[in-house]
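Here's a quick briefing on one helix and the partner it packs against. Have a look at the model first, then read on.

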Amino acid sequence: MMDDEPIQTGRQLGLYSCHTCGRVSERQGHAAPDAPLACPRCGTHLHHRNPRSLERAWAYTWAAIVLYLPANLLPVMTTISLQGAVDHTILGGIHELWMNRDWGLAVIVFVASVAVPIVKIASLVLLLLSAGRNSTWCSRERTALWRGIEAVGHWSMLDVFVVVLLVGMIHFGPLAGVEPEPGLVAFGAVVVLTILGVSSFDPRLLWPDPADNPPQPNASPPPHE
């Protein structure tokens with residue numbers, strides 16, 4: 001096939017691929033264009049675009065943005081020792097690691113807990129804005145970006161895993177212990193919300209089809225001469 005040869009999509013051919021069983025179905029001519037379809041083999045609803053994908057992805061992304069500040073400013077845990085109780089935030093923990101010359105660990109925590117969530121949220125906003133405008137700009141690269149932020153996913157939960165392990169391992173009554181704090185809940189919510197935002201986004205929107213933006217009929221007919 002020549003590179004400049006136009007490619008017909010399944011939508012243009014009236015074909016639907018089932019996401020569950022993989023069967024390819026064709027819309028019959030007598031069916032209305034907006035009539036719901038179901039896979040004849042497994043019964044899964046068929047559609048060329050996930051319904052309300054952008055709305056759901058935007059909702060999860062905005063919720064993650066709102067919770068990002070408390071996730072980094074509120075303490076994620078409190079350590080209890082004979083010297084008293086000390087609250088720890090994510091940024092404070094990174095600073096302490098750096099000052100104690102644990103540079104490698106400080107970089108790992110910074111990347112996993114601060115940089116990755118910011119990159120994921122910024123990437124989601126970029127994908128949602130461009131998909132909402134039916135942009136054809138760098139569709140292949142934007143698809144690779146979506147695959148990348150989907151792949152990192154739960155790896156941003158490093159802080160949550162560490163605190164949960166510390167809470168379970170360090171428990172010596174009034175002498176020493178670790179208690180989780182509200183910042184940990186906010187941070188975990190940011191990670192989960194970004195995962196839901198990525199999974200809700202339909203990457204096929206990065207490859208706009210003329211049917212995504214059909215020409216609008218004129219509101220009023222042209223005047224007759």
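In this predicted model, helix α3 tucks away Ile90, Gly93, Ile94 and Leu97, which are its buried residues. Looking down the axis of α3, those buried residues fall within an arc of 100°, so they line one face of the helix. An α-helix has 3.6 residues a turn, so residues three or four places apart point the same way. On the face of α3 turned away from the buried side, you'll find His95 and Met99, both exposed.

**How α3 and α4 sit together**
- Helix α3 covers residues 90-99 and helix α4 covers residues 103-132; their axes come within 8 Å and cross at roughly 160°.
- That angle makes α3 roughly antiparallel to α4, because anything over 145 degrees counts that way.
- As for handedness, the crossing of α3 and α4 is left-handed.

**Who touches whom**
- From α3, the residues in the contact are Ile90, Leu91, Ile94, Leu97 and Trp98.
- On the α4 side, they meet Trp103, Leu105, Ala106, Val107, Val109, Phe110, Ser113 and Val114.
- Sorted by type, the residues of this contact come out as 12 nonpolar, 1 polar and no charged.
- Ile90, Ile94 and Leu97 turn up both in the contact with α4 and among the buried residues of α3.

**The rest of the protein**
- The protein has 7 helices and 7 strands, and along the sequence they run α-β-β-β-β-α-β-β-α-α-α-α-β-α.
- Of its 225 residues, 31% count as buried.
- Take the contacts between residues at least 6 apart in sequence: 66% of them join residues at least 24 apart.

Conventions: Residues are numbered from 1 along each chain as its sequence is written. This is a predicted model: local features need pLDDT of at least 70, side-chain atom pairs count only at pLDDT 80 or more; totals for chains, interfaces and linings use all residues. Side-chain values use heavy atoms; hydrogens and water are left out. Axes are lines fitted to C-alpha atoms, for helices over the stretch in contact, and angles run from 0 to 180 degrees between N-to-C directions. Helices (H or I, at least four residues) and strands (E, at least two) are DSSP runs, numbered from the N terminus. Angles under 35 degrees count as roughly parallel, over 145 as roughly antiparallel, 65 to 115 as roughly perpendicular and the rest as oblique. A crossing is left-handed if the near helix is turned anticlockwise from the far one by less than a right angle, and right-handed if clockwise. Contact means heavy atoms within 4.5 Å. Ala, Val, Leu, Ile, Met, Phe, Trp, Tyr, Cys and Pro count as nonpolar, Asp, Glu, Lys and Arg as charged, and the others, Gly among them, as polar. Buried means under 20% relative accessible area, exposed over 50%, partly exposed in between (1.4 Å probe, protein chains only). The arc is that of the directions from the helix axis to the C-beta atoms.
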